[in-house]
Amino acid sequence: MSDHELAARLATRAGDLLLDVRADFADASAEERKTLGDKQSHDFLMEELAAKRPGDAVLSEEGVDDPVRLTSERVWIVDPLDGTREFSELGRDDWAVHVALWENGELVAGAVALPAQNTTLSTPEVAAPRAFDGPPRIVVSRTRPPAIALAVRDALGGTLVEMGSAGAKVAAVVRGVADVYVHAGGQYEWDSAAPVAVARAAGLHTSRIDGSRLVYNSADPLLPDLVVCRPELAERVLAVTR
């Protein structure tokens, strides 16, 4: 099984597990669902990666950061449940599972599962989004749209699309539901690694808000800002965010 196939399979299966948690604990509190979902998905991914790729290191949001990854040639970067708030709210579908592989300085495979939408986007081949003729659609958090996204909207004469998790937002750009995702409020490598791998495979622009490249498997996994957009909009977006 290729790394691409493994990423897609693990993200999808972890998503199925999370759907089961949602169904089995529908009467539990939102906090209980969050905790159970995070743990069960993390445990599953760690067990599967240990079995399928025993020589690789893993960086997971829910795991203890093992410094061995800094001297490893291959590191899986995973977010077992991206969008815990949305997951905990029964009926919402804007949450995700991220599985990415970093190798020798680059993201080389990735998958973003959207379990409640019955969809997994994965490398190596992702269809480029269809052309869109209307005002650029900037995807933002439904509860806390960042000022930088509002500035991009104003500069581009765009509109806002509200959505939950980072994975769901990037997936919206990949799928042509939105055109720009800009974030500057603080994220970690696991929040963007798999979405960025998928976005690149779809031919989208990905960078820091100053236009510099996104670097993964750093000693400090904080990677606080991100731009994902249609390539034809990149210069106009970066003119605002730089």
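**View A. A helix 2 salt bridge, starting from its buried partner.** With a relative accessibility of 15%, Glu48 falls in the buried class. Keep in mind that everything shown in these views comes from a predicted model. The side chain of Glu48 pairs up with that of Lys52 in a salt bridge, N to O at 2.8 Å. Lys52 is partly exposed, at 34% relative accessibility. Both sit in helix 2 (residues 30–52), and because they are 4 residues apart there, about one helical turn separates them. Zoom out to the whole model and the salt-bridge count comes to 17.

**View B. Two domains, put side by side.** The protein splits into domain 1 (3–122) and domain 2 (137–239). Measuring over C-alpha atoms is not needed to get your bearings here, but for the record the two centres are 20 Å apart. On the domain 1 side, 35 residues make contact, and they meet 28 residues of domain 2. Together the two domains bury about 2,300 Å², with 58% of that on carbon and sulfur atoms. Looking at domain 1 alone, the residues that give up the most area to domain 2 are Ile77, Leu107 and Leu121, which together make up 21% of what that side buries.

**View C. Polar links across the domain interface.** Between domain 1 and domain 2 there are 12 residue pairs in polar contact, counting pairs with both residues at pLDDT 80 or more. On the domain 1 side, at least two residues each come from strand 1 (57–60), strand 2 (74–82), helix 3 (84–88), strand 3 (96–103), strand 4 (106–114) and strand 5 (119–122). Strand 4 gives the largest share of that side, with 7 residues. Sort the domain 1 side by residue class and you get 16 nonpolar, 8 polar and 11 charged.

**View D. The salt bridge that spans the interface.** How many salt bridges cross between domain 1 and domain 2? The count there is 1. Here we zoom in on Arg213 and Glu106, whose closest N and O atoms are 3.0 Å apart in a salt bridge. This pair ties together distant parts of the chain, 107 residues apart: Glu106 belongs to strand 4, while Arg213 lies in the loop between strand 9 (205–207) and strand 10 (226–229). Neither end is tucked away in the buried class: Arg213 is partly exposed at 47% relative accessible area, and Glu106 is partly exposed too, at 38%.

**View E. A salt bridge within one loop.** Asp225 and Arg208 form a salt bridge, and their closest N and O atoms are 2.8 Å apart. Both residues lie in the loop between strand 9 and strand 10, with their positions 17 residues apart in the numbering. Which of the two is buried, and which partly exposed? Asp225 is the buried one, at 10% relative accessibility, whereas Arg208 is partly exposed at 22%. Elsewhere, shared partners join several salt bridges into one network made up of Asp3, Arg53, Asp56, Arg74 and Glu103.

**View F. Ser122 and its surroundings.** Ser122 sits in strand 5. Is Ser122 buried or exposed? It counts as buried, since its relative accessibility is 19% and the cut-off for buried is under 20%. Setting aside neighbours within four places in sequence, the contacts of Ser122 are Ala8, Gly110, Ala111 and Val198.

Terms used:
Residues numbered from 1 in each chain as written. Predicted model: local features only at pLDDT ≥ 70, side-chain atom pairs only at ≥ 80, totals over all residues. Heavy atoms only, no water. Domains from an automatic or database assignment. Contact = heavy atoms within 4.5 Å. Buried area = accessible area lost by both parts, 1.4 Å probe. Salt bridge = Lys/Arg side-chain N within 4 Å of Asp/Glu carboxyl O. Polar contact = N/O pair within 3.5 Å; in protein donor to acceptor, adjacent residues only side chain to side chain. Nonpolar A, V, L, I, M, F, W, Y, C, P; charged D, E, K, R; others polar. Buried < 20%, exposed > 50% of the residue type's maximum accessible area, 1.4 Å probe, protein only.
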